[in-house]
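User: I'd like to learn how to read helix packing and local features from a model. Could you walk me through some cases?

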Amino acid sequence: MKSFVLKTIAVTLAGMLIFMASCNFIDPDLNVDPNNPAEVEVNLLLPNTQVALSYILGGDFGRYVSIWTQHHDGIDRQHLAYSVYQIKETEVDNAWNSLYATVLSDLKIIREKAAESGSPYYAGISKTMTALTLGTLVDLFNDIPYSQALQGADDLTPAYDNAADVYAEIQSLLDGAITDFGSATSTLKPGADDLVFGGNISKWKETAQALKARYYLHLSEHDSNAYGQALAAVTGAISSNSNNAQVKYAEATTSNNPWYQFESQRGDVVMGQFFIDLMKSINDPRIAVYATTNSGGNYKGSPAGAPITPDSASRMGTLLASTSSAVPLITYAEVKFIEAEAALAAGDRARAATAHNAAIEASLAYCGVSDAAFVTAQTETEATISLEKILTHKYIALYTTQEPFVDWRRKGIPALQPASGESRIATRFPYPQSERLYNAENYKTGVTVFDKVFWDK
């Protein structure tokens, strides 16, 4: 279907060019389609990119990754195959193409228009979101097109950039964004068109700083300076739950949360046994909003690769899968977990314990639950804090996000076991079919889902 659509588009565009070339006698004003303007303003482009990115994070990519981390289990159709690491190149095609053709392309236009109009606030948001999008792609695919990409018809077969170089560009983009957010004036200022912060630039600056910490942390096994850089970047990062970066959805049918839409329309994914059993083992109160009870009134997950009947499994709960649930991009809880791990690596065990405890409390507050006994039981001290405790709680707190998959690949925590009948867990996505078909000269051949991205040592 994808190849057919792309070929149809190519043929249509070719026909349009021939037609326009042969009709140069027509008044150009008569060829303006008011429903497809040649120029789109930044305040219209921005919300489109935010929804498109969050829909992928809470859609295709979120589902695939959460099955591999055993937060969820696929029990039917394609998702049953994903649970045993069988994912086809066609199944990442739509998300990949959307991230390039819509998200990265429109963000580039926003940066260009922001530069032309003297609007650094829009430029900063574009750079921050571009960094997040590139990080998402590298963490799942490794080498990706970037420096030669987004050129339209000028370059339809862009070369692949080395993943480590893209990571360096991510930090450069975020540094540039932070500078932009520090500007005293901006000709154009985001407002209601910014679905994340409603134009609050100080919150965007905290988000850029938080993303710097995230992407430095990812390099912990690759670069000996990474922990120190991550710890330094935490300063000025997201400072409370009220500053969490997330894309909000709405009650209207056309504006529903992507997890909710998938669950209500398909239902191929249920809660994973490993995740449910972990929460039950520590009496975690978040289970009530992360999951539903099954037909017997119990919380029960499906074992990876050995699905149970749908009515005997718990499904996604109201926190992240209701009609208007937000899709998180990066949160205060994540920042505190980053601080905890980086401080522990630096030998500051007291700071690590304090940050770990703050992260748990932030997560509970985000979930709208409170449990003093649970908090007391999970509170760590300088003497008791450990990397396993930090990353296990991060695995729980960052449910539905990509970060637990990153952490498991970096550190092997938590101790996930391969799905039933399998000997290993997938560690990356295959490249999409569209790259093999239309960018064959640069396409990376021989890649499997068990290969590693560059920072995964």
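Analyst: Happy to. Keep in mind that this is a predicted model. Let's begin with one residue inside a helix: Thr136 sits in α6, which spans residues 120–141.

User: Is Thr136 buried or exposed?

Analyst: The call rests on relative accessible area, and buried means under 20%. Thr136 has 4%, so it is buried.

User: What does the side chain of Thr136 reach?

Analyst: For a polar contact, look for a pair of N or O atoms within 3.5 Å. Here the Thr136 side chain reaches the backbone oxygen of Leu132 at 2.9 Å. Setting aside residues up to four places away in sequence, Thr136 also touches Leu57, Phe61, Tyr215 and Gln402.

User: Now for helix pairs. At what angle do α5 and α6 pack?

Analyst: The angle is about 155°, and the axes are 9 Å apart; α5 covers residues 93–117. Angles over 145 degrees count as roughly antiparallel, and α5 and α6 are therefore roughly antiparallel to each other. Their crossing is left-handed.

User: Which residues of α5 and α6 meet?

Analyst: On the α5 side they include Trp96, Leu99, Tyr100, Val103 and Leu107. On the α6 side, Tyr122, Ala123, Met129, Leu134 and Phe141 are among them. By class, the α5 and α6 contact has 14 nonpolar, three polar and three charged residues.

User: How do α17 and α18 pack?

Analyst: Their angle is about 155° too, with axes 9 Å apart. By the same reasoning, α17 and α18 are therefore roughly antiparallel to each other. The crossing of α17 past α18 is left-handed. Leu387, Leu391, Lys394 and Tyr395 of α17 make the contact with Pro404, Asp407, Arg410 and Lys411 of α18. Sorted by class, that contact of α17 with α18 holds four nonpolar, no polar and four charged residues.

User: And where is Leu398 placed?

Analyst: Leu398 is in the loop between α17 (387–397) and α18 (403–411). A loop position does not settle accessibility, so check the value: at 4% relative accessibility, Leu398 counts as buried. Beyond its neighbours within four places in sequence, Leu398 is in contact with Glu334, Phe337, Glu403 and Pro404.

User: How far apart are Leu398 and Asn283 in sequence and in space?

Analyst: It helps to read both separations side by side. Leu398 and Asn283 are 115 residues apart in sequence, and their C-alpha atoms are 17 Å apart in space.

User: What about Ser220, where does it lie?

Analyst: Ser220 lies in the loop between α8 (201–217) and α9 (226–234). With a relative accessible area of 13%, Ser220 is buried. Its side chain makes a polar contact with the side chain of Arg410, at 2.7 Å. Leaving out residues up to four places away in sequence, Ser220 touches Ala226, Tyr227, Glu341, Arg410 and Lys411.

User: Tyr227 is in α9. At what angle do α9 and α14 cross?

Analyst: The axes of α9 and α14 (residues 332–345) come within 9 Å and cross at roughly 135°. That makes α9 oblique to α14. The crossing is left-handed. In α9, Tyr227, Ala230, Leu231 and Val234 meet α14 residues that include Val335, Ile338, Glu341 and Ala342. The class split for α9 with α14 is nine nonpolar, no polar and two charged residues.

User: Let's finish with backbone geometry. Which peptide bond is cis?

Analyst: Omega is the torsion to read for this one. The bond from Ile413 to Pro414 is cis, with omega near 0°. Pro414 is in the loop between α18 and α19 (433–438).

User: What phi values do Arg77 and Tyr85 have?

Analyst: Look at the sign of phi together with the residue type. Arg77 is not a glycine, yet its phi is positive, about 50°. Tyr85, also not a glycine, has a positive phi of about 70°.

User: Where are Arg77 and Tyr85 found, and is each buried or partly exposed?

Analyst: Arg77 lies in helix α4, residues 77–82, and is partly exposed, with a relative accessible area of 46%. Tyr85 is in the loop between α4 and α5, and at 5% relative accessibility Tyr85 counts as buried.

Conventions: Residues are numbered from 1 along each chain as its sequence is written. This is a predicted model: local features need pLDDT of at least 70, side-chain atom pairs count only at pLDDT 80 or more; totals for chains, interfaces and linings use all residues. Side-chain values use heavy atoms; hydrogens and water are left out. Helices (H or I, at least four residues) and strands (E, at least two) are DSSP runs, numbered from the N terminus. Buried means under 20% relative accessible area, exposed over 50%, partly exposed in between (1.4 Å probe, protein chains only). Contact means heavy atoms within 4.5 Å. A polar contact is a pair of N or O atoms within 3.5 Å; within protein, one must be able to donate a hydrogen and the other to accept it, and residues adjacent in sequence count only if both atoms are side-chain atoms. Axes are lines fitted to C-alpha atoms, for helices over the stretch in contact, and angles run from 0 to 180 degrees between N-to-C directions. Angles under 35 degrees count as roughly parallel, over 145 as roughly antiparallel, 65 to 115 as roughly perpendicular and the rest as oblique. A crossing is left-handed if the near helix is turned anticlockwise from the far one by less than a right angle, and right-handed if clockwise. Ala, Val, Leu, Ile, Met, Phe, Trp, Tyr, Cys and Pro count as nonpolar, Asp, Glu, Lys and Arg as charged, and the others, Gly among them, as polar.
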